[in-house]
Amino acid sequence: MTLASIALVAALAACSTSHDANAPTAENLAAPLDDYLAQRGDICLAMADWPIDLTEAEAGAGARHAIQFPVMEQLGLVHSTIVAVPKSSENPDGAVKRFELTDAGRKFYKPHASAAKGAEQQQPTNDFCVAHLKREQIVDVKVDASNAQHPMAVVSYTYQIDTAPWMQDADAQRVFPMVARIANGAGGKLQLRQGFTRGDKGWVAETGPV
């Protein structure tokens with residue numbers, strides 16, 4: 001073995017032994033990101049409490065439910081009935097259109113981890129979820145080491161997405177444009193970001209926006 005070969009082997013050995021498992025690298029953050037998406041990678045519609053009532057005033061004002069629910073009913077996910085309720089200044093007609101999930105719709109109503117911080121985030125509530133994200137590739141890591149004890153990192157990544165079959169419907173994409181945008185950005189066309197903080201037990205994902 002030549003001196004150059006010996007030097008190369010020594011350098012490679014030094015690199016392997018000096019690897020810092022706590023460093024904010026794509027390699028070290030891949031597993032925490034995967035864990036986070038496995039638990040919180042669902043895309044849900046903030047429709048937690050069913051049935052949901054729609055007043056005539058809300059329908060006339062173009063509220064989001066007034067736009068989305070007719071399409072969901074057309075797709076067989078919800079069904080509606082007219083229900084009498086006490087009259088009020090906000091509802092002078094004394095009636096609402098009540099939407100309930102069908103058997104098909106209940107397939108997408110499932111436990112969803114809250115984005116709240118603290119103890120509340122440990123108690124998932126049900127929501128109407130239409131897609132699930134998985135990491136494809138980490139493309140960038142930005143580090144904020146101003147807090148030496150608990151540095152922060154923001155991971156930018158491309159992703160794959162598993163969407164509800166009915167999200168292929170043109171009307172569904174029209175009334176849920178953000179879901180459609182994320183779905184169309186899969187496979188490297190769009191990047192998402194996730195923040196992490198270095199804790200005592202490793203890198204921990206932040207639940208708020210980054």
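Asp-140 is partly exposed in this predicted model, with a relative accessible area of 29%. Its salt-bridge partner is Lys-142, and the closest N and O atoms of that pair are 2.6 Å apart. Lys-142 itself is exposed, at a relative accessible area of 54%.

That pair belongs to a wider set: searching the whole structure yields six salt bridges. I shall discuss two others, each within a helix.

Consider first helix H5, which spans residues 103-106. Here Asp-103 forms a salt bridge with Arg-106, and 2.4 Å separates the closest N and O atoms. The two residues lie three positions apart in H5, so about one helical turn separates them. As for solvent, Asp-103 counts as exposed at 59% relative accessibility, while Arg-106 is partly exposed, with a relative accessible area of 44%.

Helix H6 offers the next case. Arg-174 forms a salt bridge with Asp-171, and here the closest N and O atoms are 3.6 Å apart. Again the spacing is three residues within the helix, so about one helical turn lies between Arg-174 and Asp-171. Asp-171 counts as partly exposed, at 27% relative accessibility.

Helix H6, residues 170-175, also leads us to helix H7. Which residues of H7, residues 177-184, are buried? They are Val-179, Ala-180 and Ile-182. Because these residues cover an arc of only 165° around the axis, they sit on the same side of H7. What covers them includes helix H6, together with strand S1 (42-44), strand S6 (125-144) and strand S7 (152-163).

Notes
Residues numbered from 1 in each chain as written. Predicted model: local features only at pLDDT ≥ 70, side-chain atom pairs only at ≥ 80, totals over all residues. Heavy atoms only, no water. Buried < 20%, exposed > 50% of the residue type's maximum accessible area, 1.4 Å probe, protein only. Helix = DSSP H or I, 4+ residues; strand = E, 2+ residues; numbered from the N terminus. Arc of directions from axis to C-beta. Contact = heavy atoms within 4.5 Å. Salt bridge = Lys/Arg side-chain N within 4 Å of Asp/Glu carboxyl O.
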